[in-house]
Structures are given as structure tokens and as C-alpha cells.
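Let's look at how the labels for aromatic rings are earned. Have the sequence and the 3D view ready.

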Amino acid sequence: MPPRPRDAVVFRDPEPPASRAFAPFPPTGSGDLAVVAHLAIIGLFLLALLAVLKVTAELVVPVVAAVIVGSVLTRIGDRAARLGLPPLVTGLLLVALTGLVAVVLVDALIDPFVDLFHRAPAMLERVTAALRPLTAPLRALKAATAPTAAGGAEAVPVVVGEKDTTDLVSGFVSGLTPALGELLVFFATLAFFVVGRDALRRGVILAFEGRETRLSVIRIVGAVEAALALYFGTTATIYVAVGATTALIAWVAGLPTPPLWGALTFLASFIPFVGAAAITLALAAGGLVSHDGFLLALWPAGGFLAVHLVSENLIIPAILGRRFAINPFVVFLAIVFFTWLWGAMGAVLAVPLLLVATTIRDEFRSLPPELPV
């Protein structure tokens, strides 16, 4: 065996393999790989969480809605406690009042809804006839480019009849059965949340260690509840006025069931962008059904749009100021995301959940840098 040169480099294992502790990643040069692995684990967790939230939407949505509404009601109960009323009694009374208002609204709107159900085929036919002159160029282009049937005859367009409309509305009504179950889950969760709110809040606070950390948690929880109470209190009052104004516009315009228009406007106003657009289109369609003149038919939609723009761009910003100013693009993305995740109720809960996330972010930013939360 030839002798080894003096300047030869010998690579030795600094530690025997048997005594080397097991590590999931190589000890050298593994920083980037560890970061990628951690990000991948977080991504898989988020995907699994989204899948669970989407599959369990029938249970999660009413629970989340009940927690949001319960936070507002308990906040009102805390203020009522200053008048000498026990917070628990006040909360239960508010829950009962909420259920009573819901029952009264459903009972008051059931007859207009049934009347609208019977009018639906005739309304659809009149709307189609009123819009036929506007869609004439598109129909002509479609007829010129559509393939013809055998023998040279053009394909007969499909016409939506009364039976198709009835089946569509019947499908909507049959979907109310699971909605009633979700409504029961909502009120049950709301009642239990209001009753056990203090104990639940105490348990969340005590789950953290350290006096400063617990004080920070108390501050964040209080800020979230105050933000939700202020937002819903202000917007609900304004949207009641907008709904009443819309009902008055529908009554003056001769549209059927003005109370139904007011109630739908109040509920749809809590969905930014989409709700106002839906009510505007619905009022335009109702005007086309009730009136022959084009301008006379569209003035209810124009009146509502003017009221909506004034309330959203002048009244609400003047009262709430810049405290709840959220980028409209972020709001739109939140509506799209939660609508995909939870359907129509997701669109309603998008802004409150975004408001909660924004409030928590602002509270974390206001904490001292050295505070370990």
C-alpha cells in the first residue's frame, strides 16, 4: 500500500453514527428545507380545515352566526346591567326578543311570499316580453350563427313555461326544510352562549399564562365585542330606515307586497355590493311587470339606488368614521370566498368575520413589542 502524502486531506466523521441523535433533516444546510417543510405542513392543515368547514357548513354556519349575534346581545346586556338588571336575565330576554321578532317577521311575510309565488310565472313572462326589444340584436346574432336542424329548419328555442317556473320555486321552498334545522341550531347556540358567556370568557382568559398576557386577551375580546356591537347597532338602524324607504318607494310605484320589498332590502343590505345589486335588479324587474313605460318602470330601482348610495357613502361613514374603513377589494374577496365556502349565509357573515380579524390585527399592533402574547 503506497504511503499517504503529507498534504492529503482526510475526511473523518466527527461523531460515530451510533451515537448521532436522530434528526428529521440533515444537520447542515437544512434551514431552507425545514422552512419549506413547515410551510407545507401549514398549507396541508389549512386545506384540511377548509374541507372540514365546507363539509360541516350546516352546523358551523349557525354556530358562528350565533356567536356573533350573541356577542352583540351580551354587550347590550352588560350596558343594561348598569341600570340594575342582571346580565343573564337581560341576555335571555334579548334572545327571546330576537326569536319573537323573527317569528313575527316570518308570519307577516308569509302571505306576501305566497302571493309572489303565485305571481311568479306571469311576472317572468312579462319581464321576458319587456326585455325582448333590448335583446333583439343578441337574438338576431344567435339566430344567424346557430346551427340549423336537419332539413334546414332552425332549432326551436326553449321557452320557459309556467311548469318550469313552478318547479324552480318549489325547489326553493323544499330547501327551506334544512334551513329550519339550521335556525333551531342557531337559536339553541345563541341561548347557551348568552347563558355561559361569562364562564366561557373566563376559561379562555385563564388558558393563557401571565398577568400581562391575560390582560391583553381581555382587551382583545372586549375590543371585538365593542366593534361588533357598534357596527351592527349602527348599520341595523340605518338599514331599517333604508328598508322602510324602499317599501315606501314600492308602495308609491304600485309594486306588489311593499313590506316584502322592505324586509328583503333590510336583509340584503348586510351583503355589500351583491345585496344592493340584487335589490336593484329585482325592483327593475318588478317595475317592468307593473308598468308599460320604460322610464316609469325603472324609477323604483333608481330611487332605491340613490337611497343606498347616500346611506353607504355619506351616512354610515359620517357615523362610524374611519374606524371600520376596510379596503373594498378585500371586502369583495371575503364575500367571494365565504360565499364559496358557506353559500348565501357565508356572504352575510363575510363582513363581520373580516371585521373581527381586522380588530384583532389592530389590537396586536397596539400591544408593546416586548409583551409575549
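Q: How many aromatic pairs does the structure hold, and what makes two rings a pair?
A: There are eight aromatic pairs. Rings of Phe, Tyr and Trp (its six-membered ring) pair if their centres lie within 6.5 Å; planes under 30 degrees apart count as stacked, over 60 as edge-to-face and the rest as tilted. This is a predicted model, where local features need pLDDT of at least 70, side-chain atom pairs count only at pLDDT 80 or more, and totals for chains, interfaces and linings use all residues. Residues are numbered from 1 along each chain as its sequence is written, and side-chain values use heavy atoms, leaving out hydrogens and water.

Q: Why is the pair of tyrosine 239 and phenylalanine 270 called edge-to-face?
A: Their planes are 85° apart, with 5.0 Å centre to centre, and an angle over 60 degrees counts as edge-to-face.

Q: Why is tyrosine 239 called buried?
A: Its relative accessible area is 4%, and buried means under 20% (exposed is over 50%, partly exposed in between; 1.4 Å probe, protein chains only). Phenylalanine 270, at 13%, is buried too.

Q: Why is the pair of phenylalanine 338 and tryptophan 342 called tilted?
A: The planes meet at 45°, with the centres 5.7 Å apart, so the angle is neither under 30 degrees nor over 60, and the pair counts as tilted.

Q: How do you know that lysine 54 lies over the face of tryptophan 340?
A: Lysine 54 is 4.7 Å from the ring centre; the rule asks for NZ of Lys or CZ of Arg within 6 Å of the ring centre and within 35 degrees of the ring normal.
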